[in-house]
Amino acid sequence: MVPIHVLLCGSDDDEARRIVSRLEHDGVRATHERVDNAEAMTEALGRRPPDVVLSGDRTPSFTVLDALRVLREAGLDIPIVLVAGPIAGERAATLVRAGVRDVVPGDRLHLLAPAVLRSCQADRLESLGRRAGGFAHDLNNLLGVILGHAELALDALPEDAPGRADVERIRQAAERGEALARRLLAPARVDRPGPTDLNAVVEETASLVRPTLEGGVELDTRLSPGLPAVGIDRAPLENALLNVLVNALAAMPDGGRLTIETARAEGGERVRLTVRDTGHGMPAEVAEHAFEPFFTTREQGTGLGLCSARGAVEEAGGRTTLASGPGRGTSVHMHLPEAR
């Protein structure tokens, strides 16, 4: 269920109940407030700005155009969807040009949930993108400080110093973080990604992760020799692998075995990267949502790890699949294209 807050305008009580009931039937859990004039709408916007405004046509004295005007006067860029009786195509086009995000006929409410979600999981992504850019900028600055101090420490430490290897890992991790932050800050790439040595990425990532393992977790790597380079840049590949590993470790609080495997995929010019864990696994109703953004069953989880990993792989032209079940662990397969 996707939770949103809805402001209903120009709808009577019966229509409001029908709209909310249909949204919940179609997987949108909606809290709502109903208003029937401009003053009440202004007050409602001040109390709690909604994710979307749904305007009906049951109140001729307060139309969708009136609701649009109130939003603009309040300086709020909130999507508004009209739910109304039969509307001629020309009038619908006029309303969209005026600022209505979508028009849903009142006798086709099965179209309402998709329209609402399009209007909102768009606004939320734009907001998330702005926040990600700011986060990447701040992260890049902090990582620069960490990297600088790590390099100073390496210059001061003798080659045989006991802690030198750990400082070197700190430097390597900071470099990887900087590369990821730069990628978030840079405009979209238009050149061809890769080539990247998959086995080298797995070996270096495993060497970074192993010293942090605790609670009886063992990490194995099974790397197929002679693999072709893959068509994905190193930084997003490392980040995708780390995200999957973090999820796998969270599924093994009592210890277990974590395996990273590379191989040629069958039937096609692909290379497969697989991460297997022996954790508690996921029931089918959880596994089918595992790659969705913000979906998590962990108290401290963000629900972005697997989503981010899949996004990086798909951006390179690959695909990600998952197999899991209660008591039999989880396997995440990243099918990567060969570099051209």
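## Pairing of β6 and β7

In this predicted model, strand β7 (residues 256-264) runs parallel to β6, and seven bridges connect the two. One residue pair can be named within this ladder: Thr 221 has Ile 260 of β7 as its bridge partner.

Helix α9 (residues 234-250) packs on the sheet and touches β6, β7, β8 and β10. The direction of α9 makes about 25° with that of β8. Helix α8 (residues 198-209) also lies across β6, β7, β8 (270-277) and β10 (330-337). With respect to β6, α8 runs at about 165°.

## The five-stranded sheet

β6 and β7 belong to an open sheet of five strands with mixed pairing, ordered β6-β7-β8-β10-β9. Its edges are formed by β6 (217-223) and β9 (319-324), each of which pairs on one side only. On average, and with direction ignored, neighbouring strands of this sheet are turned by 15° against each other.

For the protein as a whole, the count is 11 helices and 10 strands. Of the 340 residues, 42% are buried. The accessible surface amounts to about 18,200 Å², and carbon and sulfur atoms account for 52% of this area.

## Helix α11

Helix α11 (residues 305-315) has the buried residues Gly 305, Leu 306, Ala 309, Ala 312 and Val 313. These residues lie on the same side of α11, because the arc they cover around the axis is only 125°. In general, an α-helix has 3.6 residues a turn, so residues three or four places apart point the same way.

The packing partners of the buried α11 residues are α9, β9 and β10. After α11 comes Gly 317, which has a positive phi near 95°.

## Nonpolar cores

The largest nonpolar core contains 36 residues. Within this core, the residues with the most contacts are Leu 198, Leu 237, Leu 258, Leu 273, Val 275 and Leu 336. At least two core residues come from each of α8, β6, α9, β7, β8, α10 (284-287), α11 and β10. The greatest contribution is that of α9, which supplies six residues.

Leu 237 illustrates the contacts made by one of these residues. Apart from neighbours within four places in sequence, Leu 237 is in contact with Thr 196, Leu 198, Val 201, Val 230, Ile 232, Leu 273 and Leu 336. A second core, separate from the largest one, has 22 residues, among them Leu 7, Ala 67, Ile 80 and Leu 95.

## Strands β3 and β4

Strand β3 (residues 52-55) runs parallel to strand β4 (residues 80-84), and three bridges join them. Val 53 has Ile 80 of β4 as its bridge partner; Ile 80 is also one of the residues of the second core.

The side chains of β3 are divided between two directions: Val 52 and Leu 54 point one way, Val 53 and Ser 55 the other. All four residues are buried.

## Loop residues

Ile 232 is located in the loop between β6 and α9. Its relative accessible area is 2%, below the 20% limit, and Ile 232 is therefore buried. Beyond residues up to four places away in sequence, Ile 232 touches Pro 193, Gly 194, Thr 196, Leu 237, Ala 312, Ala 316 and Leu 336. The C-alpha atoms of Ile 232 and Pro 193 are 4.9 Å apart, although 39 residues separate the two in sequence. Ala 265, in the loop between β7 and β8, is likewise buried, with a relative accessible area of 13%. Residues up to four places away excluded, Ala 265 touches Arg 270, Val 271, Arg 272 and His 335. From Ala 265 to Leu 336, the C-alpha distance is 8.8 Å and the sequence separation is 71 residues.

His 280 is placed in the loop between β8 and α10. Its relative accessibility is 48%, between the 20% and 50% limits, so His 280 counts as partly exposed. Not counting residues up to four places away in sequence, His 280 touches Ala 250, Ala 251, Pro 253, Gly 325, Pro 326 and Gly 327. Gly 327 is 47 residues from His 280 along the chain, and their C-alpha atoms are separated by 5.0 Å.

Conventions:
Residues are numbered from 1 along each chain as its sequence is written. This is a predicted model: local features need pLDDT of at least 70, side-chain atom pairs count only at pLDDT 80 or more; totals for chains, interfaces and linings use all residues. Side-chain values use heavy atoms; hydrogens and water are left out. Buried means under 20% relative accessible area, exposed over 50%, partly exposed in between (1.4 Å probe, protein chains only). Accessible areas come from the Shrake-Rupley method with a 1.4 Å probe; for residues, only the protein chains shown count as cover. Two strands pair if DSSP finds at least two bridges between them. Axes are lines fitted to C-alpha atoms, for helices over the stretch in contact, and angles run from 0 to 180 degrees between N-to-C directions. Contact means heavy atoms within 4.5 Å. The arc is that of the directions from the helix axis to the C-beta atoms. A nonpolar core is a set of buried Ala, Val, Leu, Ile, Met, Phe, Trp, Tyr and Cys residues joined through side-chain atoms within 4.5 Å.
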